[in-house]
Amino acid sequence: MSVRLRNSNRNDYKLLRLRDAHSCINQRVNIIAIVLEFGLPKTTRGTGNFHFMSFTGNDDKKGRSYGCRFYFNDQCCTLRLIDETHHQIGMAVNIFTENAESLPHVAAAGDIIQLCNVTLRTHIKEVNAVFYKNSSSFALYRGNGDDDDDFVPYQVYSKVFLRDEDKMRINMLRKWLVNFQIPAESSDFPMLREIKEGHFNLAGKILHCWEALKDNWFVYVWDGTDTPPNAITSMLEDEINHPLPLQLESLPLPRDVLCTLPTVGSILRIAFELPIEKNHLNVLKSGKWAQFINIRLKVYAGLWYGVFTSHSKLRHTPNEDRLIAERQRLYDDRISLKSRNMPIGSMPQSIDSLPESLCITKVNHDHVRHLTLMDVLTHSEVTAKFKCVVRVVAAVPYQGEKFCTPAGKYMMRLTLEDPTARIHAFVVDEDGETLFDGYPGTANVKRKLNRLLGVTECDDSIVVNDRPRNPAWVSVCIKSYYVSKSDVWGSRNFRIFDTKIVDGP
DNA sequence: TTGGGG
């Protein structure tokens, strides 16, 4: 069965260009256009209409059935469409179906949608289309079909008839899209180094999608720059009971995945506000750049993360996009520098002179190149030595009298972070003697530790220490080793060594 | 006839 306008014959079939939408308000129309952006499914509040549903087997002797009344809580998603006549902001279409499975699963932004019998409405002076589950239909086609004759839809809702006119339109849109660049201003897409809490657009490379817990998905996004360091608000006295997390996810990424990720530049975790099914993430292909529209950016325990909300969208982004090319070039410039592994925030002045904050510690290996904590985590061997620029964001114990074991040796655990990762690193025995310059007494050890942690002496005098602290970037040497010979990777630990806290002013 | 937008 072909889908046609009601009361029309084949000759009345009309395919609307988006430019002409404003002249067809409240009419049912057919549209073939490119999906520029799309959101993920969300449950609607319901139509407000009661529906009667009978339970089979509940009929009484007179044939009356008993049942219950319920709302249709449909699923909805919003797409934004463009065509050659209307590509500045495009036109929104709201699609309602009974379940998320029936909604369009756009394989790639830039694919083509055929919409039949959708109704045009106005909302705050903007025209949009509404797709009703009982009367409308859609079909999705590849946007970048290499083959001119590829008119096989990869998803259809209800029945759709494809006329010659429609095929010509699909071909026309495919050709037009090849040379079309969505006008994306760099300033509308802050880089990770520029982010703040709030709602922003982001352009980044998809590195991985991972289900850390059932229905708890994370998308790993990277743009080659470093997210800014955050103030730390955790209670130092409580680090032993409530340690600062090493990562946002409840489980760290498996090592084989971790080792495929870039070691320079921050990796932003994007979580989903609403429950999400795996097949809705098909569009996020590892290695492809994507534009995220209206992502909420937040900080948890000093770690940046993004939230894909019910108002967020994914936007079509070819890898040859101007904005993407610009970001890729910035990254290529960065990794060609000697300071490639240094946190962007640690180098406010010149790349040749170390900023003053890096003078809090002195390390014995001046001529060794700095690496990132992701280099440390993904190193191919368990036993290794590194030099990194990090912030000491937590320490345990923090109570001065417990810095040493009963035998009088140093034993503490520091939490280190850089823009790429967080790790725990121990300070043990002679490495502690190097770090604190022997055993200068509890008060002095605490003063030195506070310099690392960014706790000012004035803060320290407050009994309940809940003031945010802002640790400085410091250079440290890190040793990677194993505790158990039978499980070298499972028992891998890190220690600080050959690092000394220089006496402060 | 559910939502759109920020």
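The following legends describe close-up views of a predicted model containing a protein and DNA strand B.

**View 1. Protein residues around DNA strand B.** DNA strand B is surrounded by 17 residues, and the closest are Lys42, Thr44, Arg80, Asn128 and His311. Of the atoms of DNA strand B that come within 4 Å of the protein, 40% belong to sugar and phosphate. The surface near the strand comprises eight polar, five charged and four nonpolar residues.

**View 2. Polar side chains at DNA strand B.** Lys42 places a polar side-chain atom 2.3 Å from a phosphate oxygen of DNA strand B. Two other side chains approach bases: a polar atom of Thr44 lies 2.6 Å from a base oxygen, and one of Asp74 lies 2.9 Å from a base nitrogen. Two or more residues of the surface near DNA strand B are given by each of β6 (75-83), β7 (86-97) and β9 (126-131). Strand β7 provides the largest share, three residues.

**View 3. Strand β9 and its pairing partners.** Strand β9 is largely enclosed by the rest of the structure, because five of its six residues are buried. Four bridges join β9 to β7 in the parallel sense, whereas five bridges join β9 to β8 (residues 112-123) in the antiparallel sense. Asn128 of β9 is the bridge partner of Ala92 and also stands opposite Arg121. Asn128 is, in addition, among the residues closest to DNA strand B.

**View 4. The hairpin of β8 and β9.** Two residues lie between the strands of this hairpin. Ile124 adopts a positive phi near 45° in the hairpin.

Conventions: Residues numbered from 1 in each chain as written. Chains lettered and ligands numbered in written order. Predicted model: local features only at pLDDT ≥ 70, side-chain atom pairs only at ≥ 80, totals over all residues. Heavy atoms only, no water. Near = heavy atom within 4 Å. Polar contact = N/O pair within 3.5 Å; in protein donor to acceptor, adjacent residues only side chain to side chain. Nonpolar A, V, L, I, M, F, W, Y, C, P; charged D, E, K, R; others polar. Buried < 20%, exposed > 50% of the residue type's maximum accessible area, 1.4 Å probe, protein only. Pairing = 2+ DSSP bridges.
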